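Reader: Before I take any label here at face value, I'd like to hear what stands behind it. Can you take me through them?

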Amino acid sequence: MVPEEEISLALDRLINDIEVIHKGHLSTGMFASVYMPLMLSQYGYGEKAFEVVTKKGFPGWSYMFEQGATSLWEHWGYSDNTFSYNHPMFGCISEWFYKCIRGIRPALDTVGFDKIVVRPDYIGQLKWANTSYQSVHGKISTAWKHDKKTFELTVTIPDGCSAEVYVPVSKSKKDKRKWQRESTGSNCYYPE
């Protein structure tokens, strides 16, 4: 755990590691790859997480597909020593898609998704995303889209459940973590 007072320094070092040392690529293996995009998004760097996840070349998820893969491999590089070319190891990225791109997260005190937090990352390169998740209480779905002036989010939750819904209220690079709690189905207008 990073002490609260050192989080900013740790994030600066992580961003430097990604951008300068590894030229936009991740430098994690099977155990840390699950945390890197989630932590970047948690601390307001969803755009950076998206850049890393979609970065072309080695190492990365895109690299596997550039090499003709139709599933995720056991490790980043193709090799005759790879034992599995259909492996859950790097499938952790699906968690990031659900929680951060699409915004469906369990509340910290949830039981089977009876309390939901909806907080999709604002990723300028993406114009829309939608998904659903079948919880034990029923179907949870989110759909969002944006243009230069609006961010529209539609949320559906099962009967008997509750949700805290957040929408971005600024796309300023200086204020990348500003969110506003709203009710389901709210529209948000960006200030010019």
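**What the labels rest on**

Author: Let's start with a bit of packing: the buried residues of H5 lie against helices H2 (35-42), H3 (46-54) and H4 (61-66), and against strands E1 (104-106), E3 (128-135) and E4 (138-146). This is a predicted model, in which local features need pLDDT of at least 70 and side-chain atom pairs 80 or more, while totals for chains, interfaces and linings use all residues. Numbering runs from 1 along each chain as its sequence is written, and side-chain values use heavy atoms, without hydrogens or water.

Reader: Which residues of H5 are the buried ones, and what puts them on the same side of the helix?

Author: In H5 (residues 93-101) they are Ile 93, Trp 96, Cys 100 and Ile 101. They span an arc of only 75 degrees around the axis, so they share one side of H5. The arc is taken from the directions from the helix axis to the C-beta atoms. Just after H5 comes Gly 103, with a positive phi of about 90 degrees.

Reader: What makes Thr 28 count as buried or exposed?

Author: Its relative accessible area is 17%. Buried means under 20%, exposed over 50% and partly exposed in between (1.4 Å probe, protein chains only), so at 17% Thr 28 is buried. Thr 28 is in the loop between H1 (7-21) and H2. Beyond its neighbours within four places in sequence, Thr 28 is in contact (heavy atoms within 4.5 Å) with Ser 33, Met 36 and Trp 76.

Reader: And how do you know which label Pro 88 gets, buried or exposed?

Author: Pro 88 comes out at 66%, over the upper limit, and is therefore exposed. Pro 88 is in the loop between H4 and H5. Glu 74 is 14 residues away in sequence, and its C-alpha is 7.5 Å from that of Pro 88.

Reader: Lys 48 is charged by the residue classes. Why does Lys 48 get the label it has, buried or exposed?

Author: Same test: a relative accessible area of 14% is under the lower limit, so Lys 48 is buried. Lys 48 is part of helix H3. Leaving out neighbours within four places in sequence, Lys 48 touches Ile 15, Ile 18, Glu 19 and Leu 40. The other buried residues of H3 are Gly 46, Ala 49, Phe 50, Val 52 and Val 53, and their cover includes H1, H2, H4 and H5.

Reader: What makes the pair Lys 48 and Glu 51 a polar contact?

Author: A polar contact needs a pair of N or O atoms within 3.5 Å, one able to donate a hydrogen and the other to accept it. The side chains of Lys 48 and Glu 51 meet that at 2.8 Å. The side chains of Thr 28 and Ser 33 are also joined by a polar contact of 2.8 Å.

Reader: Why is H2 called roughly parallel or roughly antiparallel to H3?

Author: The H2 and H3 axes come within 7 Å and cross at roughly 155 degrees. Angles under 35 degrees count as roughly parallel, over 145 as roughly antiparallel, 65 to 115 as roughly perpendicular and the rest as oblique. So H2 is roughly antiparallel to H3. On the H2 side the contact uses Met 36, Pro 37, Leu 40 and Ser 41, and on the H3 side Gly 46, Lys 48, Ala 49, Val 52 and Val 53.

Reader: How many helices and strands does the protein have?

Author: Five helices and eight strands, taken as DSSP runs (H or I, at least four residues; E, at least two).

Technical notes: Axes are lines fitted to C-alpha atoms, for helices over the stretch in contact, and angles run from 0 to 180 degrees between N-to-C directions.
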